[in-house]
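Here's a quick briefing to read with the model open in your viewer. Take the topics in any order you like.

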Amino acid sequence: MTDQAVDPDGAELSAHPATTDRFLGRSRELKELRADIARAGLDTLSGRKAPRARVLLIAGRPGSGRTRLAEELVRLVADRYPDGVLRARLSEPGGTPVPVEQAARDLLAGLGLPAPAGAAEEELAAALRAALTGRRMLLLLDDAAGADQVDALLPDAPDCLVVAVSQGPLTGIADVRPCTLGGLDTKSALELLTGYTGSVRITVDPRSAESLVEGCQGHPAALVLAGGWLAARPQAAVSDLAKRLHTETEAGADATPLSRVFRLVYEQLPAPAARTLRLLCLAPAGLVDPHTASALAGCSVDAARTTLDDLVALGLLRAVASPLPQYEVPGCLHPLLRALAESQERPAELQLARARMLERTVRLLQSCRAITETDSPQAREKLSGLPPALRFPTPRAAADWLRIRRPALLASTRLAVADGELDTLARRLMSQLVRALAAHVGTQAAAPDLYGVHGLVLDVAERRGLPREKAAALLNLGDLDAQTGRTREALARYRAALDAGREANDPYATGRAMESVGGAYQELGDHDRAADWFGRALADRLARGEHPEAARLYGRIGTAHTYAGRYGEALRNWRAALAGYRRSGDVAASARALSEIARVQEYAGRPEESLRTCQEAVEWARRAEDVRLQAAVQLRLADTLDRLGDPAAARLHRAAAERMLGEKPPEDDARPEQAANACEIRTASSED
């Protein structure tokens, strides 16, 4: 069967190869919209320069082809906007509004600009407006739920154009005239049907074809379903469907044309396909792949894919252009599917289908992460225990799956948490998603997504009274806040994590929280409190006999005292750190500690001692066989020699450092996922 092109609202695109990309009808609406671009606004008429972008509104019911019309308008006028086109969808298929924060983040990503993790809606909207200042761009805001969403994203750039798509008026946005869509004209509607049936069945019975168009009221999504029904039944006459629709119309006077045609198509489906279709209303973000459909319906992956392709041919699903098989539930059909599912499935069956879907997602995420750990015997054993359908052939294939399914995976976590009855599955899902993102993307690059996931973990932990998971979520959120400069917010998170860790009697969370509180105070410039909190964390580590961690904390206390100008205290703590590193046999850490001791000695006005300590640090760095560390210590030694009045020796050491760095280019000290020091999401499950 031929894949059919349908926009999320059910646009007027034909499945016939010759007309797949053709836009049908709407010439009057396009003319009005293009004229509206050039129309003088109220500000211009009053002699003022327009402060914001012009907004064009395309209003219509779901399935009226409003998105397709907007895309056609964008195609026609895009050359007037040399800086490009940005797109954002402001509602999910089920009608849930997309937060402005997420929409602004998506638009910034379209501009290639970073959006800090956890940034507030106002901050992101302001960043978007600043990025669009001075540009000439076109923004397509699809499926807006209300004026507040559009208003928050409007650029303060009069040379930009915003095309908004909504079901109703955007009251509150000045100078907007809606272009309201009705049905297609008869000629265009017949062309649409011809793309499915071929010209013969239309020309031999034009009256029945016109009667069918009239019964559909020219509604594009209804015509798409009618065309799909006829295409699947080459022996059926157009009059057959027209009569069926007429009977359906008399039986249900209050029904819409779309619901009437949908019921006719749905009732002709085989029982397994009908059940799969109605359960697709549970698909997160309206995005479906064969695994999702397989888990929802309880069938094999191959059978699910065959069913999905059949539904695409009937106009009931849209095939998404993607390297992996992926489909989208048209937004106009979502409420119809939900009503069917609620009327024909018991609540327990819907909950079971949702649980199967989440469990399948958890296992796919486990496989996605495990493929990156092939050096681990445990990971290899776990992979071998998975069914072949759940395994990824290569790490690259797993990374592609994670990237393509990312919107659906994030939506899965939101839906699982909102459900409230599947918290154990939700916790496992979020834990595996965090690990998969860290393995394939890195915690720094995935920080915006991780911030939202950790926030959901916190919601579940508070709802279920799980102090250990609450502490982990607060620590992770605090780390992300600290990385984006929100230090005071991070400090509040760390203090709350300390309370939760103590409640859970979790020594790891408690120690981490105390150290993080100290780090936040140090970032804020309160070195006395920083040293105090590092000292509390040190006492905790010493009480548990964790000497390597204690050595590191001695170093942090020494750094705090150095910043505060208490060089004697700083030296004592750094020497204690050095002794701890030497006891544990950490040669590289010993070299770094000696380098820091030399720095403090130099600050204290003892350059000769600093020189001797630097020379000892060089020797330890050589033993560690760490080229970067050797180069860093050589540069410190060169600076010390400069201060002692020996520039010639300083030049020699500086040249040696440059040779070392030239032989081995500098690399990051740690991969992003290692540097983030993320706190594991703890779950009650024994699964990894």
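Are α10 and α12 roughly parallel or roughly perpendicular to each other? With an angle of about 20° between them, and angles under 35 degrees counting as roughly parallel, α10 and α12 are therefore roughly parallel. Keep in mind that this is a predicted model. The protein chain has 688 residues, 52% of which count as buried, and its secondary structure comes to 32 helices and 8 strands.

**Overall picture**

- Along its principal axes, the C-alpha trace of the protein chain spans about 105 × 70 × 45 Å.
- If you take the contacts between residues at least 6 apart in sequence, 65% of them join residues at least 24 apart.

**The α10/α12 pair**

- Helix α10 covers residues 220-231 and helix α12 covers residues 257-267, and their axes sit 8 Å apart where the two pack.
- The two helices, α10 and α12, make a left-handed crossing.
- On the α10 side, the contact is made by Ala221, Ala222, Leu225, Ala226 and Trp229.
- On the α12 side, Pro257, Leu258, Val261, Phe262, Leu264 and Val265 make the contact.

**The open sheet**

- Five strands form an open sheet in the order β2-β3-β4-β1-β5, and the pairing is parallel.
- The edges are β2 (85-89) and β5, each of which pairs on one side only.
- On average, neighbouring strands of this sheet are turned by 15° against each other, ignoring direction.
- Strand β3 (residues 138-144) runs parallel to β4 and is joined to β4 by 5 bridges.
- In that pairing, leucine 140 has valine 163 of β4 as its bridge partner.
- Helix α4 (residues 100-110) lies across β2 and β3, and runs at about 155° to β2.

**Strand β1 up close**

- How many residues of β1 (residues 54-59) are buried? The count is 6 of its 6, so think of β1 as mostly covered, given that buried means under 20% relative accessible area.
- That cover applies to both faces of β1: Arg54, Leu56 and Ile58 are buried on one side, and Val55, Leu57 and Ala59 are buried on the other.
- Strand β1 pairs with β4 (residues 161-166) in the parallel sense, over 6 bridges.
- Within β1, leucine 56 stands opposite valine 163 of β4, the residue that is also the bridge partner of leucine 140.
- Strand β1 also runs parallel to β5 (residues 178-180), with 3 bridges joining the two.
- Here isoleucine 58 stands opposite cysteine 179 in β5.

**Helix α9 and serine 239**

- Helix α9 (residues 206-215) has these buried residues: Ser208, Ala209, Leu212, Val213 and Gly215.
- Looking down the axis of α9, you'd see its buried residues fall within an arc of 165°, so they line one face of the helix.
- For background, an α-helix has 3.6 residues a turn, so residues three or four places apart point the same way.
- Flip to the other side of α9 and you'll find Arg207 and Glu214 exposed.
- After α9 comes glutamine 217, with a positive phi near 55°.
- Serine 239, in helix α11 (residues 238-251), counts as buried because its relative accessibility is 15%.
- Setting aside residues up to four places away in sequence, serine 239 touches Asp205 and Ser208, and Ser208 is one of the buried residues of α9.

**Two more sites to click on**

- Where does arginine 391 lie? You'll find arginine 391 in the loop between α18 (377-384) and α19 (395-419).
- A relative accessible area of 38% is why arginine 391 is partly exposed.
- Apart from neighbours within four places in sequence, arginine 391 is in contact with Ser367, Leu383, Ser384 and Leu386.
- Arginine 391 and alanine 370 are 21 residues apart along the chain, and their C-alpha atoms are separated by 9.5 Å.
- Asparagine 573 sits in helix α27 (residues 567-584), and it counts as buried because its relative accessibility is 11%.
- Not counting residues up to four places away in sequence, asparagine 573 touches Tyr554, Ile557, Gly558 and His561.

Definitions and conventions:
Residues numbered from 1 in each chain as written. Predicted model: local features only at pLDDT ≥ 70, side-chain atom pairs only at ≥ 80, totals over all residues. Heavy atoms only, no water. Helix = DSSP H or I, 4+ residues; strand = E, 2+ residues; numbered from the N terminus. Buried < 20%, exposed > 50% of the residue type's maximum accessible area, 1.4 Å probe, protein only. Contact = heavy atoms within 4.5 Å. Pairing = 2+ DSSP bridges. Arc of directions from axis to C-beta. Axes fitted to C-alpha atoms, helices over the stretch in contact; angles between N-to-C directions. Parallel < 35°, antiparallel > 145°, perpendicular 65-115°, else oblique. Left-handed = near helix turned anticlockwise from the far one by under 90°.
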